[in-house]
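Look over the model below before reading on. The report starts with the surface and then turns to the fold and the confidence scores.

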Amino acid sequence: MTCKVWLRGWWRARRTAARRDEGMTTSEYAVGTIAAAAFAAVLYKIVTSGAVSGALESVIGKALDAPF
């Protein structure tokens with residue numbers, strides 16, 4: 001079996017499976033929302049930490065002081 005034939009069959013199976021999926025349920029939305037909020041909180045803590053904040057200020061300062 002060639003790769004092209006195999007890929008065509010695989011893609012057809014994926015489309016068929018996608019048609020059967022009717023979307024997320026309410027519990028899946030809830031878990032996804034909680035996970036997104038947790039990720040946002042962790043990312044906020046990282047970005048507002050002293051080390052990252054200092055690095056960002058340094059980068060911005062160097063960019064603004066660049067000669068033209």
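Phe39, Val42, Leu43, Ile46, Val47, Leu56, Ile60 and Leu64 make a nonpolar surface patch of about 790 Å² in this predicted model. Two elements, helix 2 and helix 3 (50–64), each supply at least two residues of that patch. Helix 2 gives the most, with five residues.

Val47 is one of the patch members. Val47 lies in helix 2. Is Val47 exposed or partly exposed? Val47 has a relative accessible area of 38%, so Val47 counts as partly exposed. Patch residues need over 30% relative accessible area, and Val47 at 38% passes that cut-off.

A second patch carries charge. Lys4, Arg8, Arg12 and Arg15 form a positive surface patch. Lys4 sits in helix 1 (residues 3–20). The relative accessible area of Lys4 is 62%. Exposed means over 50%, so Lys4 is exposed.

The two residues compare as follows.

| Residue | Helix | Relative accessible area | Class |
|---|---|---|---|
| Lys4 | helix 1 | 62% | exposed |
| Val47 | helix 2 | 38% | partly exposed |

Now the whole chain. What pattern does the chain follow along the sequence? The pattern reads α-α-α. The chain holds three helices and zero strands.

How much of the chain is made up of buried residues? Of the 68 residues, buried ones make up 0%. A buried residue would have under 20% relative accessible area. The accessible surface of the chain comes to about 6,300 Å². Carbon and sulfur atoms account for 68% of that surface.

Confidence comes last. The average pLDDT of the chain is 83. A score of at least 70 is reached by 87% of the residues. Among the elements, helix 2 (residues 26–47) has the highest mean pLDDT, at 92. Helix 1 has the lowest, at 75. Thus the helix that gives the most residues to the nonpolar patch also has the highest mean pLDDT. Lys4, in contrast, belongs to helix 1, the element with the lowest mean.

Notes:
Residues numbered from 1 in each chain as written. Predicted model: local features only at pLDDT ≥ 70, side-chain atom pairs only at ≥ 80, totals over all residues. Heavy atoms only, no water. Patch = residues over 30% accessible without salt bridge, like charges linked within 9 Å, V, L, I, M, F, W, Y side chains within 5 Å. Areas by Shrake-Rupley, 256 points an atom, 1.4 Å probe, with all protein chains shown as cover. Salt bridge = Lys/Arg side-chain N within 4 Å of Asp/Glu carboxyl O. Lys, Arg positive; Asp, Glu negative; His and termini not counted. Charge placed at Lys NZ, Arg CZ, Asp CG, Glu CD. Helix = DSSP H or I, 4+ residues; strand = E, 2+ residues; numbered from the N terminus. Buried < 20%, exposed > 50% of the residue type's maximum accessible area, 1.4 Å probe, protein only. pLDDT = per-residue confidence, 0-100.
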